Amino acid sequence: MAWWKNVALVAAASLAVAAVVCAGVAAASKFDDVVQPSWANDHVLYEDDLLKLRLDSSSGGGFASKNRFLYGKATADLKLVPGDSAGVVTVFYLSSAGDKHNEFDFEFLGNVTGEPYLVQTNLYIDGVGNREQRIDLWFDPTADFHTYAVLWNPSQVVFLVDDTPIRVYDNKNATATKLKGHHRHPNATATTQAQTVSAFPSPQPMAVYSSIWNADDWATRGGLVKTDWSHAPFVATFRDVRVEGCAWAANATDSDAGEVARCSGSSWGKEGRYWWKEKDMQELSVHQSHQLVWARAHHLVYDYCVDTDRFPVQPPECAGR
């Protein structure tokens, strides 16, 4: 082969390798300001403009946000594992640290081909969970990207799918007259219910996490359907991860009173306007209330509040359900 052909082949190969490297760098840089791999780094992949979490028989993988925050909104544009994903769980969640931690979970429970994904939400408050609700989705979450978000402020925690609220956890102790939806008005019964003591997450700084892992002991039909590793690797794909919130100072302790006061009491900060704490964010709008009713009427398949086998005495936050 002529020497100039060798040179051309080497140059072409070098350009191809450079293109792959540049694509990975571009994807990494897009996410670098927000998240970083947290475990099994070789299963956290940057490809084109995407971040992918991979599960095979050796390991899953995960990422975490670089900063913690107190109140705000965490959002992921996510396409779930296609095909036979039974036993596979992909999670996107917020969590503080320690035994008395708070946690807000999106858990996407895989299924056999053709059967719907279930989305389980859960809240841990002071280290205690067992607040599961499950919905099926009104679209195929493996065919395209969809947006999953958690809005968190001193009045409520809201889980949203494509901007539709699917679950709201109210701070019923915030005010004796607070009710869900702008079209509602306080009355004596509501005031009494609101005064009932029910847990709401205390102000603890939280980070944002995601991971993919094998949970075939419980995820699909209570563990009856196991993961079929012949379909591995299982890949969940992120187009974007966004965190808008009051960033907790890096050198502050988890209980720093100054940071709690700044994030709880301020309307502006170094991040800009704290829009997530404004009046319109303290409860659902009329339209959002209608969306929530629709989602729960048509897609709710499990609610711990009405599971009398698990909870013979209804949890206090479920009063009136």
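Two strands count as paired if DSSP finds at least two bridges between them. Helices (H or I, at least four residues) and strands (E, at least two) are DSSP runs, numbered from the N terminus.

The structure is a predicted model, in which local features need pLDDT of at least 70, side-chain atom pairs count only at pLDDT 80 or more, and totals for chains, interfaces and linings use all residues. Residues are numbered from 1 along each chain as its sequence is written, and side-chain values use heavy atoms, with hydrogens and water left out.

**Exercise 1. Describe the pairing of strand E13 with E4 and with E6.**

Step 1. Strand E13 covers residues 207-214 and pairs with E4 in the antiparallel sense over 4 bridges. Across this pairing, Gly61 stands opposite Ile212 in E13.

Step 2. Strand E6, residues 88-95, pairs with E13 over 8 bridges, again in the antiparallel sense. Here Val88 stands opposite Asn214 of E13.

**Exercise 2. Place these strands in their sheet and find its edges.**

Step 1. The sheet is open and has 8 strands in the order E1-E4-E13-E6-E7-E8-E9-E17, with antiparallel pairing.

Step 2. Strand E1 (35-39) and strand E17 (300-303) each have a single partner strand, so one side of each is left without a neighbour in the sheet.

Step 3. On average, neighbouring strands of this sheet are turned by 20 degrees against each other, direction ignored. For such angles, axes are lines fitted to C-alpha atoms, for helices over the stretch in contact, and angles run from 0 to 180 degrees between N-to-C directions.

Step 4. At the E17 edge, E9 and E17 pair over 3 bridges in the antiparallel sense, and Arg134 stands opposite Tyr302 in E17. Helix H4 (residues 286-299) lies across E9 and E17 and runs at about 90 degrees to E17.

**Exercise 3. Work out the order of the sheet that contains E2, and the helix that packs on it.**

Step 1. In this open sheet, 7 strands follow the order E2-E3-E14-E5-E10-E11-E12, and the pairing is antiparallel.

Step 2. The edges are strand E2 (44-47) and E12; each has a single partner strand, so one side of each lacks a neighbour in the sheet.

Step 3. The average turn between neighbouring strands of this sheet is 25 degrees, direction ignored.

Step 4. Helix H3 (residues 257-265) packs on the sheet and touches strand E5 (69-79) and strand E14 (234-247), where contact means heavy atoms within 4.5 Å. The direction of H3 makes about 70 degrees with that of E5.

Step 5. Strand E11 (residues 156-161) is joined to E12 by 6 bridges, the two running antiparallel. Val158 stands opposite Val168 in E12.

**Exercise 4. Examine two loops for backbone details.**

Step 1. In the loop between E11 and E12 lies Asp163, which has a positive phi of about 70 degrees although it is not a glycine.

Step 2. Pro233 is found in the loop between E13 and E14. The peptide bond from Ala232 to Pro233 is cis, with omega near 5 degrees.

**Exercise 5. How many salt bridges are there, and which parts of the chain does the pair of Arg68 and Asp254 link?**

Step 1. A salt bridge is a side-chain nitrogen of Lys or Arg within 4 Å of a carboxyl oxygen of Asp or Glu. The count by this rule is 11.

Step 2. One of them joins Arg68 to Asp254, with the closest N and O atoms 2.3 Å apart.

Step 3. This pair links distant parts of the chain, 186 residues apart: Arg68 is in the loop between strand E4 (61-65) and E5, and Asp254 is in the loop between E14 and H3.

**Exercise 6. Which strands supply at least two residues each to the lining of the largest cavity?**

Step 1. On a 1 Å grid over the protein atoms alone, a cavity is a set of points where a 1.4 Å probe fits but cannot get out; lining residues have an atom within 4 Å of a point. The structure holds 1 cavity of 30 Å³ or more.

Step 2. The strands are E8 (118-124), E9 (133-136) and E12 (164-170). E9 gives the most, with 3 residues.

Step 3. Among the lining residues are Val119, Gln133, Arg134, Ile166 and Leu300.

Notes: On a 1 Å grid over the protein atoms alone, a cavity is a set of points where a 1.4 Å probe fits but cannot get out, and a pocket is an open set with protein on both sides within 12 Å along at least five of seven lines; lining residues have an atom within 4 Å of a point. Grid points are joined across faces, edges and corners, and a volume is the space filled by probe spheres set on the points.
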